[in-house]
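Let's take a walk through a protein model together. Keep the structure open beside you and find each residue as we reach it.

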Amino acid sequence: MKAVIQRVKYANVKINGKAVGECKQGFMILLGVMNGDTKQDADKLVKKIPNLRVFEDENGKMNLSCLDIDGEMLVVSQFTLCADCSHGRRPSFTNSAPPDEANALYEYVVEQLKNSGVKSVQTGIFGADMQVELVNDGPVTIILDSGDLK
């Protein structure tokens, strides 16, 4: 499972021009579910993400987590994070989990993030054509792969 976490001042996701999810200060998370991913992979990400210390403390040091600042999260599914670009010029998406499995794990991650104490966790709509707007703060962008986490 792959996650791109962006520290944001604000983010929203729209479908056909209508906002379906948003967050204020916190994390915009793009989530890709790979073939073979399990709830154990999801649990590793959920344990790590709310506790990432990438928000500034009173001394300007990245020392606070999303939980510490009472931050919010917007989670958007993105199968293109699973792209294999090793051959040719056209990405292959065969590493992506089948839609039913991917959606179940995506929903599981969202539910677990909500249970982690994050102030607000909103989403896009799985499988929809979405437009994401955000103000990246810093910019700070972190890429996590559940296979690399303990």
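A residue counts as buried when its relative accessible area is under 20%, as exposed when that area is over 50%, and as partly exposed in between. With that cut-off in hand, look at Glu-72: its relative accessible area is 12%, so Glu-72 is buried. Please keep in mind that this is a predicted model.

What does the side chain of Glu-72 meet in a salt bridge? The partner is Lys-119, and the distance from N to O is 4.0 Å. Glu-72 sits in strand S6, while Lys-119 lies in the loop between H2 and S7, so this pair ties together parts that are 47 residues apart in sequence. The two ends of the bridge have different surroundings: Lys-119 has a relative accessible area of 53% and is therefore exposed, whereas Glu-72, at 12%, is buried.

How many salt bridges does a search of the whole structure find? There are 4 of them. Two of these share Asp-137, so let's turn there. In one, the side chains of Asp-137 and Arg-7 come together at 3.5 Å, N to O. Asp-137 belongs to strand S8 and Arg-7 to strand S1, which covers residues 2-15, and this pair links parts of the chain 130 residues apart. Are these two residues buried or exposed? Both Asp-137 and Arg-7 are buried.

The other bridge joins Asp-137 to Lys-9, with 3.7 Å between the closest N and O atoms. Lys-9 is in strand S1 and Asp-137 in strand S8, so here the parts tied together are 128 residues apart in sequence. Lys-9 has a relative accessible area of 52%, so Lys-9 counts as exposed. Asp-137 has a relative accessibility of 14%, and therefore counts as buried. Put the pieces together and you have a network of salt bridges that links Arg-7, Lys-9 and Asp-137.

Now let's move from charges to helices. Two packed helices are described by the angle between their axes and the distance between the axes. In this model, helix H1, made of residues 39-48, packs with H2 at an angle of about 35°, and their axes are 10 Å apart. The crossing of H1 past H2 is right-handed. Which residues meet where the helices touch? From H1 come Lys-39, Ala-42, Asp-43 and Val-46, and from H2 come Leu-105, Tyr-108, Val-109, Gln-112 and Leu-113. Sorted by type, the residues in this contact are 6 nonpolar, 1 polar and 2 charged.

Next come the rings. A pair of aromatic rings is described by the distance of the centres and the angle of the planes. The count for this model is 3 aromatic pairs. One of them is formed by Phe-79 and Phe-93, with 5.0 Å from centre to centre and 70° between the planes, an edge-to-face arrangement. Both Phe-79 and Phe-93 are in the loop between strand S6 (72-77) and helix H2 (99-115), 14 residues apart. Phe-93 has a relative accessibility of 32%, so Phe-93 counts as partly exposed.

Another pair brings us back to H2. The ring centres of Tyr-106 and Phe-126 are 5.9 Å apart and the planes are at 40°, so this pair is tilted. Tyr-106 is in helix H2 and Phe-126 is in the loop between strand S7 (120-123) and strand S8 (131-145), 20 residues apart. Tyr-106 is buried, at 1% relative accessible area, while Phe-126, at 28%, is partly exposed.

Two more stops remain. Pro-91 is in the loop between S6 and H2, and is partly exposed with a relative accessible area of 32%. Setting aside neighbours within four places in sequence, Pro-91 is in contact with Ala-83, Asp-84 and Cys-85. Between Pro-91 and Thr-80, which are 11 residues apart in sequence, the C-alpha to C-alpha distance is 8.6 Å.

Finally, find Ser-146, in the segment after S8. Its relative accessibility is 1%, so Ser-146 counts as buried. Which residues is Ser-146 in contact with, leaving aside neighbours within four places in sequence? They are Met-1, Asp-37, Asp-41, Lys-44 and Leu-45. Ile-125, by contrast, is 21 residues from Ser-146 in sequence and 22 Å away in space, C-alpha to C-alpha.

Terms used
Residues numbered from 1 in each chain as written. Predicted model: local features only at pLDDT ≥ 70, side-chain atom pairs only at ≥ 80, totals over all residues. Heavy atoms only, no water. Phe/Tyr/Trp six-rings, centres within 6.5 Å; stacked < 30°, edge-to-face > 60°. Helix = DSSP H or I, 4+ residues; strand = E, 2+ residues; numbered from the N terminus. Buried < 20%, exposed > 50% of the residue type's maximum accessible area, 1.4 Å probe, protein only. Axes fitted to C-alpha atoms, helices over the stretch in contact; angles between N-to-C directions. Left-handed = near helix turned anticlockwise from the far one by under 90°. Contact = heavy atoms within 4.5 Å. Nonpolar A, V, L, I, M, F, W, Y, C, P; charged D, E, K, R; others polar.
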